[in-house]
Structures are given as C-alpha cells and as structure tokens.
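Trainee: I'd like to learn how to read a protein structure, feature by feature. Could you walk me through one?

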Amino acid sequence: MTSRSQSFDHPLAGLRVLEAGDTLAAAYAGRLLADLGAEVVLLEPPQGHPFRTLGPFAKSVPDAERSASFAYFHAGKRSVTADDAAVRALAARADVLIRSTRDGADWIGDDLVAEIEAARPALVVVDVSTFGRTHRDGPHPTTDLLALAAGGLLSINSTTLRGPDPLPLRYRGELASVHAACGAVLSLLGALVERRRSGLGQRLDVSLQASVASVLATAMSRYHYTGELPVRQGNRSVGPWGFYPCRDGTVLMQITRDEEFRRLVTMLGDPDWGSLEIFETTAGRDENADVLDVFVGEHLAEFTLAEFLELAHTHRIAAAPIHGARDILEWDHLAARGSLPPAALGGAPGESLPVPGRPWRVNGTAPPPRDPAPARGEADAAGLWSGPTAHPAGSGTPAERPLEGVRVIDLTWVWAGPFAAMQLAHLGADVVRVETGTRLETTRGLGPYADGIVGVDRSGYFNQYNQGKRGVALNLKTARGMELLRGLIATADVVIDNMSAGALARMGLPYETLKEINPRIVAVSMTGFGESGPYRDRTAYGSLIDALSGIASSNGDVRGGPTDLVMSLPDPMAGITTAIATVAALYQARASGEGVRVETAMFEACLAAFPWPVLFAGATGGEVPVIGNRDELACPHGTFRCAGDDEWVAIACEDDDRFAALAVVLGAPELADDPRFATLAARRVHEDELEALVTAWTSQRTAAEAAGALQAKGVGAEAVARVDEVYRSPVLAARGFFPETVHAVIGPRRLPSVGWVASRSAMGPQGAAPALGQHTREVLTEILGLSAAELDALEKEGVTV
C-alpha cells in the first residue's frame, strides 16, 4: 500500500498522458506531469525525437543516446514508435493528449481527436502553439523566438543596459515555451479538478505569445496606467540594481525598499551622497539612477567579492555573485539539499549526469528519484494502458470554475508569491489576501501608478499580480489580529506564503500549528533557496536567481555575456510552478481528506525550467555557449535590424526547405545551393556571413514589410512588437487577453490575463485587485461571523483597516 508521503509525491498517479509533439513546450509539460506521477508516453517519429540529437552530449560525443537534454526532459516517460492503428488505439485510451509541433503539422489530427472525444467525453486535449489554435487560422507551429517578438519581450530585453547599440535579446532557455508548458499543466490540473466533479473533459488552447505577455513585470501596466512605453535600456523602477565590479569579481545587487537603501548607506559608512534628497525615495532613486550608480560603484570597487557578499548578508542587502555553469555544480547549498540528482543515460549503462530535480518538496522530504529516459520505441503501444481508467464518472454537471468552493489564505509578498496565489484565483478559488497596515506590501509602494498619481491602491505592479482576490487588512502585531488570522486559516483549504525560511514559524504558525488549527490544510511555502541548506536565510529577488542559476552568464550577445537582464523573470516562473504544486496537492488532499505541506524554492523552480547551465556543466564540464538569439536547431535564427528607429524583425528558419524559401525572398535563390549554407550544420558554421546577408535585405524594409514577405513564403518571421502593439494585437484580442475589470479606487482597467483558453471552464481573471482592506468587513462577517459592532471595535483598536 502506498504511504501517505508517497501518494502526495504522485498526486496524478494513474493519469494517462500521451505527449505527441517535438517542442520544448510539450517536453517540459510532460516533464512536470511525470514528476507529479502521471504515466507519460512519448510518441516518437521513426527517426526519433529531435531532443535525441540536441546537445549537450555526455563527454561532448554526439550520440542519440547520450543527449543530456533528452535524459532530463524525458526521464521517467515511456516511448512508442508505432503505426497509425497502434497510435490511434493508444490515443483512445489516454486521459490527456498534449499536441505541440515545431512545424504545426499535428501528429494526431483533429478528426481523430473529435472521434475520440465523442466516444470518451472525459478526454482532455492540451494544444500548445505560438499564437494558439482557437483564434488563428492555418497551421499552428510552435516557435519560441517568434512568441518573444509578438509577446513584447524582445522590445524590452536587451544585450546591454548601459552600453551603445543595445540589441533585442531573447531569454536563453526558451522562456516562452516553458511558461506555456507551465500554463498548460496548470490549466490541465484545473480541468482535472473539474473532470473529477463532472466527468467531462475539455480542450485547452495555450498560446506562447499570451504566456510571454502575461509575465512581463510591469511593462503592460506601465503602458496602460501611464501611457509610457517601456523600452530597452529604460529605468528599472527600483535601485540601485545592477552589476557592480568589485576588486576581484562582479556582484549583482538589488535594492527594492527605502529601508534596504538606508541599510546599504549605513553599511557603506554613511557617505554624504546617501543623505541627498534625490535619493530619499524609490521614485527619486529611479529618476537619478545614473548618478546613484556612479556613487555606489565607486564604493563597491573597494571590496573583494567575498568581503562585500558577507557584509551584504549581515546587513540584509540582496546581493549575489555571477555563477557560471560549473559554479552551480560545485555549490555546497545544492549539494546539501540534493537538488541535482543523477539522470541515467540510455546508451551508456552505468553512466549518469546531474540534472535539476523536481521543483517541489512534499512533507519535508527529498523528492524520489526519476526513472531513466526511455530507449526509442521501447514500449509496445498495444500493451500500454490496457486496464480501466482511474478517474471517476462524475455527475455530468460542470461548475463554472474548477476551484469553486476552495478558500485560499494568501500571505504572500512582492511578485512571485502573489503571482502564484493569483493563479488559484484564476481557477476559481476564493483567495483572501491578508495584508497588514503596519508594514505596507512592497509593490503597493512601487510604480507605475495609475494616471501618475501615487497611492497605495494605484500601483500597477500590485494590481497586475493580485487580480481576482479579496483583500483583508489585519494588524498582525496584535494578539487579536493573529487570532483572526488563525480563524481564517481554520476555514481554509490552502494557506500560501513566500516569506523567508522559517518566518511563518516565527510568527507562531509553524506547520504543526497549522495542522492543529486545520488538519486538512494544504500549507504551501515558497522561499528563495529552500527551507534547508547554507543559503536558506539569504535574501532572494528574481535578479539574484538569474545571477546564481547561470541564466545571467548564459545570456548575452554572441560570444558575450554575462548579461544584466532588465526583468527578474524567475519570479513568475517560481510563482506558476508553486501554483502547479499547490493545485496538485489540493487535488490529492481532496481525495484523501488529509492535509499536506508543500515547499518550493525559487532557485530550484528556475533550475528545472532553465536547465541548460546544469546540463552543459554536467555533460561537458564546460560553460553554456553564449549564442545570443541563435539556436542549435534553426539557422538563421535571430533579430534583424529594419528600416526606421529601433525597428526589428525576428526570423526563425527551421529547416532546409524554409531556408530555400528565405533565399528566394532575399532575391538570391542560389544561396540554397551555396556550400556555406546548404545544410543546417554549414549555415551554423557561417552564421556571421549569413546574418550579414539577411540584414542587408531587412535593413531596406520596415519590420512589417519584412515579416509579411517572409510569412508569405512560409518562413517563420514576426515584427518585434512594442508593448502598445501587443495591446492592439488582434490575436490576443480574440482570445480575450485584456479583459476589463473595475477597480474600487481607479475604476475600469485592462491588464493581462492568462496564456490559455479553456473550452468548458472559466479560468481567468475574476475581477480587479483589491484596495487595501477593501473586503475586511465582508470577509470577517461572512467567514468568521463577526457583528458590525465587533468590526467597529476592531477598527477603533487598530486591529483592522
């Protein structure tokens, strides 16, 4: 019999998932589902999955069975290569079908899917593509770079924040694909909750473009709230923040709050500039960032890296070194936590490589090991999934939202935590956002502010990542405030926080106490580096995770880097990963009636989603090649300058046929037969020359003209869209991506929604973010039964707002 901890490690045990696609989005969605215990079968073409030929390779020896990429993304799955009849039978026995292909040609077509749905209404179909299938005609290819262009990231992210000629820069690691994969899994979990209730499946249409646009920090709210257009090399809203040279290395430091800046000034010996009026506020430091950086840089240059990092830790200043790939493998913190378990290589018996482990931990235990990745076609399709399905028949009556009736007590701060809890609200949970008036939530004090007017309820940062929640303000420094919080937790299904390790226990709410208050509670904690290990009590912002996880060192212009990235995108990745773990734990807890504790770490969530530094260091002993916007499987692949001011087109040429079409568009069809460019391998060797030829053509045309001409010939291309153009995207509009919600203070606003569209369940923003204390009286009356007189007394005593 399975023990309780094991069952919670495998909440999707018995779920049958058929992964039919050759994209990273499909692979990572399958990776997460396998880590949740699902039985994932990988459908491979006769020539094998392309990840088998994708490096890095163990000991740098190219071999289809020695790919670190395949070993990581497909560990624990089964592999089938079969004829049409066998695939048809396998698809008909699946609970979940994932479709996502690079060229847009379905491996399992719509006609067959419709036939299976008619026979098995419980089937859930998850489609992932660049723009989604629901609202765009034609083939549905999946291309990360084009999604980054159409979703707005390439208009903001840059090869340099301060140097000349900043170029648009992708986020190496396929950011659009992994966020779309996470959105696919999260919405699938919502669909499974609904299926348990009604017995009915549905279709989930996931867009990489929408997934990108949903996580661009404050870029969207800045434009919508103030009319300002975020640009590359723009200000970061908080600071000092950036790379600063020390005597023997470079440090990444980020100051977010006024109190942190005052601690920094004290740490540096109270220099005169620290008391200048222009640096007193976050807004002032943002406006005068160039001057402030000079002052700060002069002081940091006097320290060795080790001296500064130790002093910063003592003064609670967020700072980190810039890790290369080898540094990650040698980091004692990851060794102490067992964060890099071995993955066996199929073609080398007894040989293994370190890979990122599961990005969550359950009941305080290390995750169980994964099984090896499968050999090609090792499973017989006819023999798989022969028994009855495990899911219940259901009532046949669906709810409007999957998590209707679920209550969440949200104790999160800043970005990653609120983003996680917001996903639960999107799925229909009643998320009660508990704040305190004695220490304002950080993002309420950060811009952009609606209409340029500063106010605690006017922050686009807070309002974007707290949509659909109810807001309660309690003074948790009072005994009565803590008593009210305990009362709310007693009625809840989930309590979620992203405080520092052990902070909730220091407040008097360790997990043991939470269990006493509510034995069925799903208690979720997200920390920066986990609740154990030498780094457990270190300050963590997304920018520090970029630096420590190898993301900064693997991003940059070709043969450049490391890059000081403009946005801290580990935050939403950790947030959506935590939401996945939460809904999965809730799914299992509802079946068992028992509570569970879930732990996630921002660092480990990002290692899992962006594993390339670990894979390269483990396989080759070296660093990740810094290749800018180039790609191992496509060439040319990048952004190319067009006519006009800072105008660019993104081009992703996936194969030889598309390169031949590109050559025709360039007016030089003979390039397809040129030995330098006739094959992908040749094109990659001569990439500098090829990019110069493409740029000579694009620079004479607008981005729209270049993209249109290439698209007409079947070549992947998109104009690099600015944020205002993303807001006007007809594809996003058709998906309802910018719904209008009415905020209690600032009125109607349109902020980004989610990356998926569901055919049956409503899974998106339920309303605007709450004003401070907006629902205090409502919630305390409805949930705890307090009278009006009691509420008046609490306000008078300063317990509530």
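Mentor: Happy to. Keep in mind that this is a predicted model. Let's begin with two strands that pair: β22 (residues 740–743) and β23 (residues 747–750) run antiparallel, joined over 4 bridges.

Trainee: What holds strands together in general?

Mentor: Strands of a sheet pair through backbone hydrogen bonds, and the pairing is either parallel or antiparallel. Here, β22 and β23 make a hairpin, with 3 residues between them. To see one bridge, find Glu 740: its partner in β23 is Arg 750.

Trainee: Which strand pairs with β1, and in which sense, parallel or antiparallel?

Mentor: The partner of β1 is strand β2 (residues 39–43), and the two run parallel, with 4 bridges joining them. One of the bridge pairs is Val 17 with Val 40 in β2.

Trainee: And how do I read the side chains along β1?

Mentor: Look at which way each one points. Arg 16, Leu 18 and Ala 20 go one way from β1, while Val 17, Glu 19 and Gly 21 go the other way, and all are buried. That fits the strand as a whole: β1 (residues 16–21) is mostly covered, with 6 of its 6 residues buried.

Trainee: How are the strands ordered in the sheet that holds β7, β8 and β9?

Mentor: The order is β7-β8-β9, in an open sheet of 3 strands with antiparallel pairing. The edge strands are β7 (241–245) and β9, each pairing on one side only. From one strand to the next, the twist averages 25°. Strand β8 (residues 250–254) pairs with β9 over 4 bridges in the antiparallel sense, and Gln 254 stands opposite Ala 318 in β9.

Trainee: Which helix lies across β7 and β8?

Mentor: That's α12 (residues 289–300), which runs at about 40° to β7.

Trainee: Let me try a single residue. Is Ala 319 buried or exposed?

Mentor: First place it: Ala 319 is in strand β9 (residues 318–321). Then check its relative accessible area, which is 13%; the cut-off for buried is under 20%, so Ala 319 counts as buried.

Trainee: What does Ala 319 touch?

Mentor: Leaving out residues up to four places away in sequence, Ala 319 touches Val 251, Leu 252, Met 253, Phe 308, Leu 309, Ala 312 and Leu 544. For a distance to try yourself, go from Ala 319 to Val 296: they are 23 residues apart along the chain, and their C-alpha atoms are separated by 13 Å.

Trainee: What would an exposed residue look like?

Mentor: Try Val 685, in helix α27 (residues 680–685). Exposed means over 50% relative accessibility, and Val 685 has 65%, so it counts as exposed. From Val 685 to Asp 137 the C-alpha separation is 36 Å, with their positions 548 residues apart along the chain.

Trainee: How many residues of helix α16 are buried?

Mentor: In α16 (residues 416–426), 11 of its 11 residues are buried, so to read it, think of a helix that is mostly covered. Among them are Pro 418, Phe 419, Met 422 and His 426. Just after α16, Gly 428 takes a positive phi of about 110°.

Trainee: How many disulfides are there?

Mentor: The general idea is that a disulfide is a covalent bond between the sulfur atoms of two cysteines. A search of the whole structure finds 0. Take Cys 606: its nearest cysteine sulfur belongs to Cys 182 and is 9.8 Å away. For Cys 635, the nearest is that of Cys 653, at 7.9 Å. As for cover, Cys 606 counts as buried at 1% relative accessibility, and Cys 635 counts as buried at 0%.

Trainee: Now let me step back. How do I read the whole chain?

Mentor: Start with the tally: the secondary structure comes to 33 helices and 24 strands. Next, compare the radius of gyration with a rule: a compact globule of 801 residues would have one near 28 Å, and this chain has 26 Å, which agrees. Along its principal axes, the C-alpha trace spans about 80 × 65 × 50 Å.

Trainee: What share of the chain's residues is buried?

Mentor: Buried residues make up 63% of the 801. The accessible surface comes to about 27700 Å², and 51% of that belongs to carbon and sulfur atoms. Finally, look at contacts with a separation of 6 or more: residues 24 or more positions apart account for 76% of them.

Notes:
Residues are numbered from 1 along each chain as its sequence is written. This is a predicted model: local features need pLDDT of at least 70, side-chain atom pairs count only at pLDDT 80 or more; totals for chains, interfaces and linings use all residues. Side-chain values use heavy atoms; hydrogens and water are left out. Buried means under 20% relative accessible area, exposed over 50%, partly exposed in between (1.4 Å probe, protein chains only). Contact means heavy atoms within 4.5 Å. Two strands pair if DSSP finds at least two bridges between them. Axes are lines fitted to C-alpha atoms, for helices over the stretch in contact, and angles run from 0 to 180 degrees between N-to-C directions. The radius of gyration is taken over C-alpha atoms; the globule rule is 2.2 Å times the number of residues to the power 0.38. Accessible areas come from the Shrake-Rupley method with a 1.4 Å probe; for residues, only the protein chains shown count as cover. A disulfide is a pair of cysteine sulfur atoms within 2.5 Å.
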